[in-house]
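Before you set up any calculations on this chain, here are some notes from my reading of the coordinates. They are arranged as numbered points, so that each can be checked against the structure on its own.

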Amino acid sequence: MIAATMLETEAADLVKRAVKMANDGHEGMLRFLIDKALPAARPRPVSIPGLVPVRSLADVGKVMDAIVRAVGEGLLAPDEVSQLVGALEVMRRTVESTELEVRIAELSDQLAKLMEGGR
């Protein structure tokens with residue numbers, strides 16, 4: 001409680017001294033003041049024209065094309081592209097695994113039918 005009261009009475013002087021230090025070239029103080037004065041960057045909603053749901057491996061290419069066009073049009077920042085491409089890669093692997101699972105099941109069924117017919 002005492003420390004808080006002391007800080008309150010000295011706050012204006014402390015801020016003035018911190019600003020003077022920053023103005024005099026103290027990089028650490030400048031960084032500190034900027035971090036405190038500017039709000040933290042928050043992700044923004046992004047709208048990408050031509051984006052389609054990823055339901056097949058062919059859709060992955062379409063989405064990548066839409067991302068590249070959005071970059072060319074200045075709609076996406078580099079960090080947003082990185083996050084989107086990372087998410088797209090996860091979706092690609094998921095679709096690929098699902099498609100492989102279906103193919104394996106179909107091949108298993110065909111093999112079972114062949115083996116039944118050969119008896």
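1. I begin with charge pairing, and with the reminder that this is a predicted model. Glu89, Arg92, Arg93 and Glu96 are joined to one another in a network of salt bridges. Within that network, the side chains of Glu89 and Arg93 form a salt bridge with an N to O distance of 3.5 Å. Because these two residues are four apart in helix H4, about one helical turn separates Glu89 from Arg93. Glu89 counts as partly exposed, since its relative accessibility is 31%, and Arg93 likewise counts as partly exposed at 42%.

2. The count of salt bridges comes to six, and another of them lies in helix H3, where Asp59 and Lys62 are three residues apart and therefore separated by about one helical turn. Their side chains meet at 3.8 Å, N to O, which can be set against the cut-off of 4 Å for a salt bridge. Asp59 has a relative accessibility of 12% and so counts as buried, whereas Lys62, with 46%, counts as partly exposed.

3. A further salt bridge links Asp24 with Lys20, and here the closest N and O atoms are 2.8 Å apart. Asp24 is exposed, because its relative accessible area of 56% is over the 50% cut-off.

4. Which elements give two or more residues to the largest nonpolar core? That core has eleven residues, among them Ile48, Val54, Ile67, Leu76 and Leu88. The elements giving two or more residues to the core are H3 and H4, and H3 gives the most, with five residues. As general background, nonpolar side chains in soluble globular proteins tend to be buried together. Leaving aside residues up to four places away in sequence, Ile67 is in contact with Ile48, Leu76, Val81, Leu84 and Leu88.

5. Helix H4 covers residues 78-117, and its length is consistent with its residue count: 40 residues at 1.5 Å a residue should span 58 Å, and the end C-alpha atoms are indeed 58 Å apart, so the two values agree. Buried residues in H4 are Glu80, Val81, Leu88 and Val95, and the cover over the buried residues of this helix includes helix H3 (57-72).

6. Is Glu80, a residue of helix H4, buried or exposed? At 11% relative accessibility Glu80 counts as buried, because the cut-off for that class is under 20%. When residues up to four places away in sequence are not counted, Glu80 touches Arg44, Val46 and Leu75.

7. On the surface, Leu30, Ile34 and Leu38 make up a nonpolar patch, and together they have about 270 Å² of accessible area. Leu38 sits in the loop between helix H2 (27-37) and H3, and it is exposed, since its relative accessible area is 53%.

8. Leu30 also has a neighbour to note in helix H1 (residues 2-23), which is where Val19 is placed. The C-alpha atoms of Val19 and Leu30 are separated by 7.7 Å, and the two residues lie eleven residues apart along the chain. Val19 counts as partly exposed, because its relative accessibility is 36%.

How values were computed
Residues numbered from 1 in each chain as written. Predicted model: local features only at pLDDT ≥ 70, side-chain atom pairs only at ≥ 80, totals over all residues. Heavy atoms only, no water. Buried < 20%, exposed > 50% of the residue type's maximum accessible area, 1.4 Å probe, protein only. Expected span 1.5 Å × (residues − 1). Contact = heavy atoms within 4.5 Å. Patch = residues over 30% accessible without salt bridge, like charges linked within 9 Å, V, L, I, M, F, W, Y side chains within 5 Å. Areas by Shrake-Rupley, 256 points an atom, 1.4 Å probe, with all protein chains shown as cover. Core = buried A, V, L, I, M, F, W, Y, C linked by side-chain atoms within 4.5 Å.
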